[in-house]
Amino acid sequence: MGLYLRPQTVEEAVAALAAHAPAVLAGGTDFYPARVGRAPDDDVLDITAIDGLRGIDDDGDYWRIGAATTWRDIIDAPLPPLLDGLKLAAREIGGAQIQNAGTVAGNLCNASPAADGVPALLALDAQVILQSATAARVLPLAKFIIGNRRTALRTGEIMTAILVPKRSSRAVGDFLKLGARRYLVISIAMVAGVMDVDDDGRITSAAIAVGACAEVARRLPALEQALLGRRADGALQDIVAEPQFAPLQPIDDVRGSAAYRLAAAATLTRRLLVTLSRKAAGPHA
Amino acid sequence: MTPHDAAIRHDSAPDLAAASGVRFTVNGASVAVVAPPLKRLAQVLRDDLGLTGTKVGCDAGDCGACTVLLDGRQVCACLTPLGQAEGRSVETVEGLAAGDGALSRLQQAFLAHGAAQCGACTPGMLVSATDLLRRCSAPSRQDVLDAIGGTLCRCTGYQKIVDAVLAAADAPAASASPPAGAAVGARVRRVDGVPRVDGTASYGADAVPADALWLRVVRSPHAHARFTVGDLTPLRQAHPGLVRVLCAGDVPFNGFGIYPDIKDQPVLADGLVRYRGEAVLALVGTREAVLRLRDDALPITWTPLPPIVDIDAARADGAALVQAAKPGNLLIDGGVRRGDMAAAFRQAAAVAEVVVETPFVEHAYIEPEAGWARRVDDRLEITVTTQTPYMDRDEVASVMRLQPTQVRIIPTACGGGFGGKLDQSVQPLVALAAWLLDRPVACVYTRPESMAATTKRHPAHIRARFAATAQGLLAGCEVDAAFDTGAYASWGPTVANRVPVHAMGPYGVPAVRTWGAAIFTHNPPSGAFRGFGVPQAAIAHEAAMDSLADQLGIDRLEFRHRNALRVGDATATGQVLTHSTGLAACLDALRPGWSRAHEAAARFNAEAQAQGTHRRRGVGIGCMWYGIGNTSMSNPSTMRVGLGRDGTLTLYSGAVDIGQGSNTIMTQIAADALGVEMNRFRLVAGDTDRTADAGKTSASRQTFVSGKAAELAGADLRRQILRLTNAGAEATLALDGAVLTVRDGGTVRRIDLAGLPVIAGDDVLVGVGTFDPPTTPLDADGQGVPYASYAFAAQMAEVEVDIELGTTRVLRIVAAHDVGRAINPMQVEGQIEGGIAQGLGLALMEEYLPGRTENLHDYLIPTAGDMPVIETILVEDRDPLGPSGAKGVGEPGLVPTAPAILGAIDHAVGVRLARVPVLPHRLLAALRGKEGR
């Protein structure tokens, strides 16, 4: 029989981590599926009773998403259009049951190549706060997830929050997921994006991230660069070109071929640029 | 619903013993549970609190069967640690009805709409929908889909579930039982419906005795390997909870199989495994002990051998033999020959050549295999989820070397079968263990185990050549169908026999040469799956119909209509159809919608092309015929209707209701035949000690065969009553307590049933009916009368293809089915809608790969969000043999769907893939290939 610890403060949690090196559990949506057919006997640190670890707060320059915030919390929260992509991703995670239990931090720490939350947060330039018994550090999400189910989390550390930097009130986000069925489906490919425009409707910043097409979701810097200064309109899709997808390294699996994933990523990206520019132009057009 | 010892109720007085437990409320009552905090809440509800209404379908959040409300929000109880329930509110299906048992509006709507079939997903569905309805009193259809999208159903096709949720906001319709003589044809609610919606229905894993030992099967990780088992003594010493380890040598007769002369599958492998997932050892002990023991702790030494992976490898020159006694890895082959093929192709104005390749398809019933056995003196009693209690009885007797009379099978509610519960799973294992240990022994498969170990739909390689004349009449067809039957025979012979009879399609074809062969490989055994190979064959013949029609410039529906089998036509087996041949009527029923759909698709595509957008629509059609019952083999059913001394009417039915509704159908038929209201009947179903053999629930045979037996049994009882009272045929019967009143014109006679001598049990009168459909054996050329009745159907599909992503969305299906007579139109629609969902899965997403898709997130079945609008048109061309003219409908719903969808994709984008499922990457590759890119 393993240990089951359910502390009420972060201090207790990191002390327990240092003492026992347990598995960290929140929504359980990745923990239990890895243990089908047996009674789990792992040492576990359940972080869902920790005060202040759940919820979305306006932190001035940032939106602060507590580690135990569920996808349902994201869907239900009143948030600016910048976070639309994250909200759409939340709606595409599993079914309603998974959205009600699964957490944002769990999705990041599990580090699946097909994690639906990662592209949206990458496009938002999200950072993660990692806390140990002795120190806290902030890492860009892009430096946190370092491989297929590998993260930069150190022994004794727990993720306590995700920080999403604010942008201008014109900034918009969007997300597109491709799966072989509706609901409860592992993505074949997905694309998330964030776009900000100036008074003339010209793009001042753009971030595009693709998921399920490499070990880790990837940003597309060449495309982002090419978007800068352009007018946000439907013509944007014409600048999408194959070399911009060089960061992707898709694989063949039961869900799709590598070649298909690349083609789908490009198609989804073109569509995303159309909807992003429409949204960005929206109230100002 | 008694709480287990481990759980302490905590109602009013605080209990000190509960102090260490996890406290929360369940359905409003406070509980404190002493159990490991990491224990899955689903397990706690079921084991510690006795609330078995919450089902476990996957333990991985992939199916939603265990959905409960946690603080009012739906979650999977299999993903929720007990520890997280502390201080919170948990609501389960048992809490949905009012305290007095009055069903909620939602539960009533499920009954009124036929939204519960097998019932295994129903608790989860009800809870998911309750979450929605509490937040939103007038939800949209999209709201409903979003709410239930995470809960899988394999039976209904979701349409009736969505309708029921939408209707739950309204006042429930009254549930009047039809008057005497009016049950057949009425949209009657399930007679066993209430337990399915209130959580009390008991499935294979729900009624295991508290003192039962647990059995866990150790399975091969290799597709082909030799193995030895070392000394087990240290293992038993290290695990005191382990009571016994069973191996091949413990099995009295270590072979089972569907056919009496092919008992080729060992209960436990004897030194050699032939597929990944094959049973090797059975660990018997306490549940904790056998579940904790990991396979890698067992002293098994494996010597992997090269596996034969598919049909081509099995047929290659010099291929190793999967079964030593089967040269060429051929299990069986055979076919149908008729007419002058050379002449047919000489006169052809068009020839279609078709190649079709289909994969393994998994049944994916929501309830995995489960059951338990106990020894009662020199008898065995097995309580199990099954489609075929009498075959189970005989098979267990054979394995145990007992007489069939020494084995009793008590079927539980069956959480879906579709053919997958026609083979042995837990039965021989729990029987053996209970017999040897004289203790109850239970076994519940996990989802990965259910998927890896049990049978699948046969993968098929089909080559077909069809010829037609310039007048658009079929002249000849040649079909070669090879099926991967896996490592053991199972139902391979049935598939290989049935397909040649059906492979030309429901059409008149003068020259026919069809051949079916079942080939052994080192794959999981292929068995029975809704249609026995006919769905695979239909993909081929319908592709050929489209091709011929296109070549000849004839409308695809019209071409089929011109060739449809009609009364007076001879089939390829030389059987002249004399009745109930309604394909042309089905096609006529589709015509108006067909034209409209074509016009709408053309408009849509013209606009899409003009605007340069990426969606294209298409319309397709699929036809099928299906022989009801066994192929050229006797398959009798016997039913009994008893009238008790207290006036109770009992239908003793050996037919198992696996969700399709036979309990209700049989009652409707028997009630009308007797002339008494159906709500007077109680049901004894499936128990081999208390019913007569009504055959297996397969081959779409229960309504036609057992239904006819029920009709004869009801009529027999009526005849006895009329004789007893000297009344005429038009007399009416009325039961009032133990008094039976017979009114014949002005004459009224009353019988005090309590005064009659008892014949059996408490019954004073028993009517018996037996029916065996008249068939003849097929000769060497496949000529004869393989079936007494055929169902016919035509379905039309409208799809939308994303030409940039290769994805396909089915928008609408219109299904016209000749069912002879719909005994219960609501249930018939349910069968068709559910069949369509499985046909859609076959066409677009389902592909089982051994070792790679052994779960419900890599193996995809349709969710509520994938389903099109379905419109069902019932054509009732009565079959004089069937009860009130009824034929079967269980399998026909599935057969035409994939062909219709594939034809619609072809119509939309001009591409027809030889291989299903049409996964997005395959379709996109084909689209790009066509463009030459």
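This section describes the overall form of chain B, two local features within it, and its interface with chain A in a predicted model.

Chain B comprises 933 residues, and its radius of gyration is 28 Å. For a compact globule of that length a radius near 30 Å would be expected, so the computed value agrees with a compact globule. Along the principal axes, the C-alpha atoms of the chain occupy a box of roughly 90 × 85 × 60 Å. The secondary structure of chain B consists of 22 helices and 32 strands. Of the 933 residues in this chain, 65% are buried. The accessible surface of chain B amounts to about 30200 Å², and carbon and sulfur atoms account for 51% of that area. When contacts in chain B between residues at least 6 apart in sequence are considered, 77% of them link residues at least 24 apart.

Towards the end of the strand numbering, strand 31 of chain B (residues 807-818) pairs with strand 32 of chain B (residues 869-875). The pairing is parallel and extends over 7 bridges. Within strand 32 of chain B, I873(B) serves as the bridge partner of A816(B). Helix 20 of chain B, spanning residues 825-844, joins these two strands in a β-α-β unit, and this unit is right-handed.

A second local feature centres on C443(B), which lies in strand 18 of chain B (residues 441-444). The relative accessible area of C443(B) is 1%; because residues under 20% are classed as buried, C443(B) falls in the buried class. Leaving aside residues up to four places away in sequence, C443(B) touches L215(B) and V217(B), the run E369(B), A370(B) and G371(B), and also V426(B) and V430(B). L429(B) is separated from C443(B) by 14 residues in sequence, and the C-alpha atoms of the two residues are 8.3 Å apart.

Chain B also forms an interface with chain A, in which 59 residues of chain B are in contact with 50 residues of chain A. The size of an interface is often expressed as the accessible area lost when the parts come together. For chains A and B, the buried area is about 4200 Å², and carbon and sulfur atoms contribute 58% of it. On the chain A side, the residues that lose the most area to chain B are Y32(A), Q97(A) and R181(A). Together, Y32(A), Q97(A) and R181(A) supply 18% of the area buried on that side.

Definitions and conventions. Residues numbered from 1 in each chain as written. Chains lettered and ligands numbered in written order. Predicted model: local features only at pLDDT ≥ 70, side-chain atom pairs only at ≥ 80, totals over all residues. Heavy atoms only, no water. Pairing = 2+ DSSP bridges. Helix = DSSP H or I, 4+ residues; strand = E, 2+ residues; numbered from the N terminus. Right-handed = clockwise from strand over helix to strand, strands pointing away. Buried < 20%, exposed > 50% of the residue type's maximum accessible area, 1.4 Å probe, protein only. Contact = heavy atoms within 4.5 Å. Rg over C-alpha atoms; globule rule 2.2 N^0.38 Å. Areas by Shrake-Rupley, 256 points an atom, 1.4 Å probe, with all protein chains shown as cover. Buried area = accessible area lost by both parts, 1.4 Å probe.
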